[in-house]
Amino acid sequence: MRRQTAAALAATLLATGLTPVLLAAPASAAVARHYDDFNGDGRRDLAYRGTNDVDRHGGTVTVVYGTAGGLDTAHPRLIHQDSAGIPGAGEEDDQFGESLASADLNKDGYADLVVGNPTEHVGSTEYRGTVTVVWGSKSGLSGGTAVAPRSGAGGHFGRDLATGDFTGDGSPDLALIGGEEAWLYRGPFTRSGTTGTASRIDKAGAGWYSHGLAAGRVNGDGRTDLAVLGTQYETGDRARHRVWFLKGSSSGLTSGPYKTFDSEPWAATIGDFDKNGYGDIAVGLPDQSGGRGAVTVWRGTSAGPSGSTTFTQATSGVTGSPEAGDGFGHAVSAADANGDGHADLAVGVPQEDVDGRTDQGGVHLFRGGSGGLSGSRSSWIAQTVLGPADAYASFGGSVRLRDLTADGRADLGVGAQDRGALLRGTSTTPTSRGAVTLPEFGGGFVD
């Protein structure tokens with residue numbers, strides 16, 4: 001994921017990027033069943049970037065806890081750097097919550113929230129950035145521990161985050177961007193700040209600059225793999241926009257193939273769209289073709305990603321037509337929205353003009369099936385699901401597919417300019433019937 005973060009993940013267990021462990025009860029000495037169950041009650045919870053006000057001007061994360069009756073939107077939990085136990089202090093140009101990820105990093109049965117603040121000033125170092133782990137517990141998220149940057153990782157530390165068991169040892173790990181390079185912090189993590197070995201995983205000496213991450217299972221070996229979004233400068237300082245595949249291994253992450261694009265990749269997610277046991281990497285390219293946008297699916301195999309298919313609004317069966325500045329692919333997310341076992345793909349188009357309304361936006365949902373994604377199995381979800389049509393709503397600026405109602409169908413979280421909503425998954429397309437308005441919504445969702 002980049003700038004949303006996208007990032008990242010496949011349907012059902014692919015969506016977590018973690019090894020599934022069934023718990024007899026919360027707080028057992030094993031990884032939480034859901035990577036986003038912060039209070040250990042067996043229900044997924046939802047975290048996203050919140051809104052600011054005069055008392056919270058350095059960034060806020062909103063957490064809405066899941067219950068048997070759905071999300072408890074009446075009691076959102078607001079977390080910021082002025083919250084008790086959270087390191088640091090909120091400052092005007094901070095971006096606490098700009099990037100988010102989650103996993104049970106200390107293996108106590110409760111998922112933890114990882115929060116990036118890439119513009120935080122630390123001492124005399126401007127924009128060094130910080131990463132904070134906010135710890136899960138029976139009562140929910142509380143208290144935090146800073147992740148120490150390695151030498152060379154300073155400079156927008158925490159620009160993007162991704163979690164998963166990359167080594168296959170049963171302990172969730174954390175990948176992050178710092179100093180325009182990718183780093184791997186191996187688990188387990190502790191509240192005192194210790195972690196397993198931390199190391200740089202970027203392309204050494206290759207003129208490579210990382211800016212985004214997406215985690216999921218691609219080659220079917222049971223370990224989490226990583227896609228790194230970046231730019232590589234070749235002879236003559238020519239910029240090449242690429243996504244680089246790193247395979248999970250017992251020693252960490254090992255280098256694999258990369259794919260080159262004509263425009264900068266903004267977001268990526270991983271899902272098994274054809275249900276063949278291998279995760280496919282969907283890459284959002286909103287600047288492609290003069291901002292008309294595109295999404296390229298880099299298909300997974302036992303040897304890693306190989307071969308690709310590109311979708312645009314000109315693809316047969318896809319609603320609408322490509323126009324300059326639409327931004328198709330600005331945000332992407334994958335999970336099984338209709339319960340058929342295939343991952344589906346949500347694609348945000350926040351600058352789509354609809355019925356003469358500038359930048360109203362919308363979301364395309366591509367349903368997985370035999371052979372993978374197809375334009376003929378796509379649906380258009382308009383901004384009107386949130387109420388009267390609006391210009392400059394930027395509906396689809398952020399998207400997230402996850403099953404928050406425990407019915408086997410992923411629900412669609414959608415962000416607009418100043419509001420967000422959750423649409424419940426059905427046997428066809430997520431529905432606006434009974435849509436849940438997300439309180440204190442200010443931006444992108446946790447991966």
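A salt bridge, as the term is used here, is a side-chain nitrogen of Lys or Arg within 4 Å of a carboxyl oxygen of Asp or Glu. Asp-418 and Arg-419 form such a salt bridge, with their closest N and O atoms 4.0 Å apart.

Colleagues, this is a predicted model, in which local features need pLDDT of at least 70, side-chain atom pairs count only at pLDDT 80 or more, and totals for chains, interfaces and linings use all residues. Residues are numbered from 1 along each chain as its sequence is written, and side-chain values use heavy atoms, with hydrogens and water left out.

Let me continue with the salt bridges. How many salt bridges does a search of the whole structure find? The search finds 10. I shall describe several of them together with their exposure, for which three classes are needed: buried is under 20% relative accessible area, exposed is over 50%, and partly exposed lies in between, with a 1.4 Å probe and protein chains only.

In the pair with which I began, Asp-418 is exposed because its relative accessible area is 60%. Its partner Arg-419 has 25% relative accessibility and therefore counts as partly exposed.

A second pair is Arg-240 and Glu-234, whose side chains meet in a salt bridge at 3.2 Å, N to O. Here Arg-240 has a relative accessible area of 25%, so this arginine is partly exposed. Glu-234 is partly exposed too, with a value of 31%.

The third pair is Asp-36 and Arg-44. Their closest N and O atoms are 2.9 Å apart. Are these two residues buried or exposed? Asp-36 is buried, because its relative accessible area is 0%. Arg-44 is buried as well, with a relative accessible area of 12%. Both also belong to a network of salt bridges that links Asp-36, Arg-44 and Arg-400.

Next, Asn-39. This residue lies in the loop between α1 (12–16) and β1 (46–49). Helices and strands are DSSP runs, numbered from the N terminus: helices are H or I with at least four residues, and strands are E with at least two. Although placed in a loop, Asn-39 has a relative accessible area of 14% and is therefore buried. Which residues does Asn-39 touch, not counting those up to four places away in sequence? They are Asp-45, Tyr-65, Tyr-110, Ser-137, Lys-138, Ser-139 and Gly-140, where contact means heavy atoms within 4.5 Å.

I turn now to the surface. Glu-91, Glu-92, Asp-93 and Glu-126 form a negative surface patch. Patches are made of residues with over 30% relative accessible area and no salt bridge, like charges being joined within 9 Å and nonpolar side chains (Val, Leu, Ile, Met, Phe, Trp, Tyr) within 5 Å. One member of the patch, Glu-126, is found in the loop between β7 (112–117) and β8 (130–134). Its relative accessible area is 56%, so Glu-126 is exposed.

Some backbone features deserve attention. Most residues other than glycine have a negative phi, and most peptide bonds are trans. Where, then, is a cis peptide bond found? A cis bond joins Gly-187 and Pro-188, with omega about 0°. Pro-188 is in the loop between β12 and β13. Gly-193 lies in the loop between β12 (181–185) and β13 (198–200), and counts as partly exposed because its relative accessibility is 32%. The C-alpha atoms of Gly-193 and Ser-370 are separated by 46 Å, with their positions 177 residues apart along the chain.

Two glutamates have positive phi values. Phi of Glu-180 is near 60°; this residue is in the loop between β11 (173–178) and β12, and is partly exposed at 40% relative accessible area. Glu-440 has a phi of about 50° and is found in the segment after β29 (431–438). With a relative accessible area of 30%, Glu-440 is partly exposed.

Finally, I set two alanines side by side. Ala-335 lies in strand β22 (residues 331–335), whereas Ala-204 is found in the loop between β13 and β14 (208–216). Ala-335 counts as buried because its relative accessibility is 4%. Ala-204, at 62%, counts as exposed. From Ala-335 to Tyr-392 the C-alpha distance is 28 Å, at 57 residues apart in sequence. The C-alpha atoms of Ala-204 and Val-243 are separated by 16 Å, and the two residues are 39 apart along the chain.

Key:
Areas by Shrake-Rupley, 256 points an atom, 1.4 Å probe, with all protein chains shown as cover. Lys, Arg positive; Asp, Glu negative; His and termini not counted. Charge placed at Lys NZ, Arg CZ, Asp CG, Glu CD.
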